[in-house]
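Biologist: I am new to this structure, and I would like a close look at a single part of it. Please choose one sheet, and walk me through it and its surroundings slowly.

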Amino acid sequence: MSRAAWFVLGTLGVGATLRAQGVMIAPHAVFMSHGARSGAVTLLNPGTEPVEVAVSVFYGYTATDSTGQLTLVTVDHPDSTQPSASGWLQAFPRRLTVGPQEQQVVRLLATPPANLPDGEYWARLAFTAKAGQLPVAGVSDTGNIKVGLTLQVRTVIGLHYRKGVVRTGIAVSGLHALRQGDSVVVQARIERQGNAAYLGTVHGTVVASNGRVVGAFHVPVTVFYANEPRWAVSIGAAPADSYRLRLEITTEREDLQPELLLQSPVVRDSVEVTP
Amino acid sequence: MLGGLALLTVLAPLSAQRAIQVTSVRSLVFGTVFPGVRRTVLRTDPLNSGRLDIRATRNAQVQLIFTLPAVLNGPAGATMPVSFGGNDGGFSATRSVASQIGFDPRVPYVARLNANSSRASVFLGGSANPIASQRAGSYTGTVTLTVVYFP
């Protein structure tokens, strides 16, 4: 294994759980450019047993459901209006076995149509790892019935393919904040602008009438079309007062390299917290 | 300074290689099963509950989707019903079996890793429901956990 790969393992502290079974997938989000038209994902098996991995590509994006929770939306047969890269993106190999404490690379090759308009195109990569049946400890022959369950893990990561001029931004509307006990529940509509997904971070603060911050949160946000998220921020036993929620959304992410992020102006909004 | 420069050379390209790992640590174990006697394993059972560990970036959001079998397959085409209740899934941002947030493993669940930790655990309980005339032998099934990393 290369020094680079072991460094990645080390940063996540994998060495302590070599007895367990699974693969590490790096990176956790893939960005491809039209210039290169290729990419790679590295699979590392820190375990002591070989792991069979199947790779698949499909179209999907994240959105929020009626409760404001993130969810993955998949479309089996995306039409031409959908910015899907799944139809012209291939992964090699599609099935592989990663030996104990070994790494293998899955190559990604894009063959988009010649007249592909500028913009960002999306896909999801799924890695299904089957490490065989785990030992079923504790089973007794007393009843002459043995029961075992095989655990299989499917990890899904996002892929962004960018061609030409890509830009992003967001518009926030309908910001609403409601106090519920020791929390403030925040809701808003965030609509993406431009032709690429918005990757950023939401910073929220709840401020008392004297300017004191009584609660805060920050959460990564990805907007492919429009999201209506719901966040809850704890304010503890803050006394009755006139509170204000301040929201700031920036194109910064702790989990992604700055050069992968499309920049856009900071968006700010605020609203009175409804008691 | 040379050492520092060498370290920088290694670190710079790797910082883009943030990774995600989902590891099956422990199978869901029903232990001794007798015909006609329902056997339930709680997600808080430290020895018999299923456990999977997640390593990703701090504060990351993931969607957990279980694909659960309705029956286990046994000898000569025999099957054994298994069931999972609305509180049989557990998520622990501290990786502690004693500190979980319960969820329904039959529907997707969104979890967030701690802001100061890149690790979390998922636990699974369930029930095996052997019938009175359950055929002797080994019964197996597959549980699949799909972990969707956002973005």
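Modeller: Happy to! Let us begin with a word we will need: two residues are in contact when heavy atoms of theirs lie within 4.5 Å. With that in hand, and keeping in mind that this is a predicted model, look at chain A. Of its contacts with a separation of 6 or more, 71% are between residues 24 or more positions apart. Chain A has 275 residues, and 53% of them are buried. Its secondary structure consists of 1 helix and 19 strands.

Now to the sheet. As a general background, strands of a sheet pair through backbone hydrogen bonds, in either a parallel or an antiparallel way. The one I have picked is an open sheet of 9 strands with antiparallel pairing, and you can trace it in the order β7(A)-β9(A)-β3(A)-β1(A)-β1(B)-β3(B)-β10(B)-β7(B)-β8(B). Its edge strands are β7 (89–92) of chain A and β8 (101–103) of chain B, each of which pairs on one side only. From one strand to the next, the twist averages 20°.

Start at the chain A edge. There, β7(A) runs antiparallel to strand β9 (residues 102–110) of chain A, and 4 bridges join them. One pair to find is A:Phe92, which stands opposite A:Arg107 in β9(A).

Next, follow the order along to β1(B), which comes right after β1(A). This strand covers residues 20–26 of chain B and includes B:Arg26. B:Arg26 is buried yet has no salt bridge, and B:Asp45, the nearest side chain of opposite charge, is 6.5 Å away. For a salt bridge, the charged atoms would have to lie within 4 Å. What you can find instead are backbone oxygens beside polar atoms of the B:Arg26 side chain: that of B:Ser49 at 2.6 Å, and that of B:Pro46 at 3.1 Å.

Before we finish, let us visit some other strands of chain B. Strand β5 (residues 71–73) pairs with β6(B) in the antiparallel sense over 3 bridges, with B:Asn73 opposite B:Thr79. The hairpin they form has 5 residues between the strands, and B:Ala76 takes a positive phi near 55° there. Along β6(B) (residues 79–83) the side chains alternate: B:Met80 and B:Val82 point to one face and are buried, whereas B:Thr79, B:Pro81 and B:Ser83 point to the other and are not. β6(B) is also joined by 2 bridges to the antiparallel strand β11 (residues 126–128) of chain B, where B:Ala128 is the bridge partner of B:Val82.

Definitions and conventions
Residues numbered from 1 in each chain as written. Chains lettered and ligands numbered in written order. Predicted model: local features only at pLDDT ≥ 70, side-chain atom pairs only at ≥ 80, totals over all residues. Heavy atoms only, no water. Buried < 20%, exposed > 50% of the residue type's maximum accessible area, 1.4 Å probe, protein only. Lys, Arg positive; Asp, Glu negative; His and termini not counted. Polar contact = N/O pair within 3.5 Å; in protein donor to acceptor, adjacent residues only side chain to side chain. Pairing = 2+ DSSP bridges. Axes fitted to C-alpha atoms, helices over the stretch in contact; angles between N-to-C directions.
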